[in-house]
2 protein chains.
Amino acid sequence: MEQASRLAGTVRPGGRTARVRAAVLEATQDILVEYGFHGLTMDQVAARAGVGKTTVYRRWGSTPGLVADLMKELANQSSPHADTGDVERDLLANAVSVWEAVTDGRLGATLQAVIAAGTCDEEAADALRVFFTRRIDEWATVVDLAVKRGELPEGTDGGELIRAISAPLYYRLVVTREPVTRGDAERSVSRGLAAARAGAFVPDP
Amino acid sequence: MEQASRLAGTVRPGGRTARVRAAVLEATQDILVEYGFHGLTMDQVAARAGVGKTTVYRRWGSTPGLVADLMKELANQSSPHADTGDVERDLLANAVSVWEAVTDGRLGATLQAVIAAGTCDEEAADALRVFFTRRIDEWATVVDLAVKRGELPEGTDGGELIRAISAPLYYRLVVTREPVTRGDAERSVSRGLAAARAGAFVPDP
DNA sequence: CTACTAACGGGATGGGAGTCCCGTTAGGCG
DNA sequence: CGCCTAACGGGACTCCCATCCCGTTAGTAG
């Protein structure tokens, strides 16, 4: 038994354990939507989930831990990227999905909460990094395909282009706190695409 | 005396009151750098500032209130924008100043804290909006001048270009949590500029 | 220089969140 | 189908933070 069972919920992940996790994560998200990360407490989570307070502490340790786990859960629900054979349409699909996520009351609030948690907790920061870099890599493939089709210059950095297109939307969401519209998503795509066609996403030798 | 003195510190703003504010805001920033917004409490601020706890509550009300006031203070220290007569150089100066702010231990941590506070408090959110839209407007003038000089297409939206250049840096800082380098700032400028030259920042009719 | 009062400070109070102990429940193997 | 123990739950305990009351200090008008 040396150093086993460091993490509760790993030996008997079935049945009750899984139900508890689902209830806790849902309660966490509810509270995040309603009060934001700052208003999230272990106490409330346990109460709303109908679960013992001890359980929440044992399995998640802290509120950033809860948020990090929630992020991991959302990562698993991540929908696959589009691939229509037309870069502009693919990139627009990406931008629109970001816009929808950011605009959606539940998902948008959750994203903001995770971002807030990331500023003060390493585990939450890791969860963010993993979630987004993975998503970026997935979408970068549509750029790679476009390069192969000759729609964009050879050597165009797909990940950077995806980042450049998403960035202004998140920037508006959390930094300048301006409303984010579908038009912003569309403009972001056309700007990124214009720069890409000009070869601005091809790394210098 | 009707409804006067709603805000303490407005009738006798000299001497002690000013010293208290300076001490409190500095203590606030210290704690933000060390523990992040989540670890900021009125108690600690008062203790570190060497000030009565009651005073902090009376004048700022809550931790988001402290952060919002700190943001306003930083806004007043905002340095004026460059204007060298060359768009690329001006925009690079802007991007580099963002990079420096974001990279600087004290200022970077403070920015992240304010962003975190903005996710759960309307006053902090307002402070953010005001701070950034003002900064964006200031820098947008260098774009307007470049348009007048014929360096960029007629009708180019300066504010949007400034946003597009800053966004990827903040995106890396708080969303994907990747390291932000000077190279990122440089690339962001050349990409924004490429799109601008292609007319992607000219609004459709 | 003096009076008036804005603004500050100390300290008591209450409540809520984090931690711990131990009894109870139920998943999973034989 | 029954045992073993992983995992959960209740409740007591502690500590820290928000709030409040009232006495003290020091700007500022005259």
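Q: How many helices and how many strands does chain A have?
A: In this predicted model, chain A has nine helices and zero strands. Reading along the sequence, you will therefore meet the pattern α-α-α-α-α-α-α-α-α, with the elements being DSSP runs numbered from the N terminus. The C-alpha atoms of the chain fill a box of roughly 60 × 40 × 30 Å when it is taken along the principal axes. Of the 205 residues of chain A, 50% count as buried, and of the contacts with a separation of 6 or more, 67% are between residues 24 or more positions apart.

Q: What is the mean pLDDT of chain A, and where is the pLDDT below 50?
A: The general idea comes first: where pLDDT is low, the predicted coordinates should not be read in detail. In this structure the mean pLDDT of chain A is 91, and 93% of the residues reach 70 or more. Over residues 1-6 of chain A, however, the pLDDT is below 50, and this stretch has zero contacts in the model beyond near neighbours in sequence.

Q: By what turn and what shift can chain B be laid on chain A?
A: In general, two copies of a chain are related by a rotation about an axis and a shift along it. Here, chain B can be laid on chain A by a turn of 180° and a shift of 0.0 Å along the axis, with an RMSD of 0.1 Å. That is the relation of a two-fold axis. The same surface serves both copies, in that 97% of the contact residues of chain B recur in chain A.

Q: Which residues form a salt bridge with A:R21 and with A:R129?
A: The idea to carry with you is that a salt bridge needs a side-chain nitrogen of Lys or Arg within 4 Å of a carboxyl oxygen of Asp or Glu. By this rule the count over all chains comes to 36 salt bridges. One of them is formed by A:R21 with A:E73, where the closest N and O atoms are 3.1 Å apart. This pair links distant parts of the chain, since A:R21 is in helix α1 (residues 15-35) and A:E73 is in helix α4 (residues 63-76), 52 residues apart. A:R21 counts as partly exposed at 26% relative accessibility, and A:E73 is also partly exposed, with a relative accessible area of 23%. In another salt bridge, A:E122 is joined to A:R129, with the closest N and O atoms 3.5 Å apart. There A:E122 counts as exposed at 54% relative accessibility, whereas A:R129, at 26%, counts as partly exposed.

Q: Which side chain meets that of A:E178 in a salt bridge, and are the two residues buried or exposed?
A: The side chain of A:E178 meets that of B:R163, at 2.5 Å from N to O. This pair crosses between chains, running from the loop between α8 and α9 of chain A, where A:E178 is placed, to helix α8 (residues 158-175) of chain B, where B:R163 is placed. Both A:E178 and B:R163 are buried. Salt bridges that share partners also join A:E160, A:R163, B:R172, B:E178, B:D184, B:R187 and B:R191 into one network.

Q: Where is A:R177 found, and which side chain of opposite charge is nearest to it?
A: A:R177 is found in the loop between α8 (158-175) and α9 (182-197) of chain A. With a relative accessible area of 15%, A:R177 is buried, yet it has no salt bridge, and the nearest side chain of opposite charge, B:E122, is 6.2 Å away. That distance is outside the 4 Å limit that a salt bridge requires. A:R177 does have polar partners: a polar contact of 2.5 Å joins its side chain to that of A:Q112, and its side chain reaches the backbone oxygen of B:G118 at 3.3 Å. Leaving aside neighbours within four places in sequence, the residues in contact with A:R177 include A:Y171, B:T119 and B:L128.

Q: What value is phi of A:R177 near, and what value is phi of B:R177 near?
A: Phi of A:R177 is near 55°, a positive value in a residue other than glycine. Phi of B:R177 is likewise near 55°. B:R177 lies in the loop between α8 and α9 (182-197) of chain B, and is buried, with a relative accessible area of 14%.

Terms used:
Residues are numbered from 1 along each chain as its sequence is written. Chains are lettered from A and ligands numbered from 1 in the order in which they are written. This is a predicted model: local features need pLDDT of at least 70, side-chain atom pairs count only at pLDDT 80 or more; totals for chains, interfaces and linings use all residues. Side-chain values use heavy atoms; hydrogens and water are left out. pLDDT is the predictor's confidence in each residue, from 0 to 100. Contact means heavy atoms within 4.5 Å. Helices (H or I, at least four residues) and strands (E, at least two) are DSSP runs, numbered from the N terminus. Buried means under 20% relative accessible area, exposed over 50%, partly exposed in between (1.4 Å probe, protein chains only). Lys and Arg count as positive and Asp and Glu as negative; His and the chain ends are not counted. A polar contact is a pair of N or O atoms within 3.5 Å; within protein, one must be able to donate a hydrogen and the other to accept it, and residues adjacent in sequence count only if both atoms are side-chain atoms. Copies are superposed by least squares on the C-alpha atoms of residues with pLDDT of at least 70 in both.
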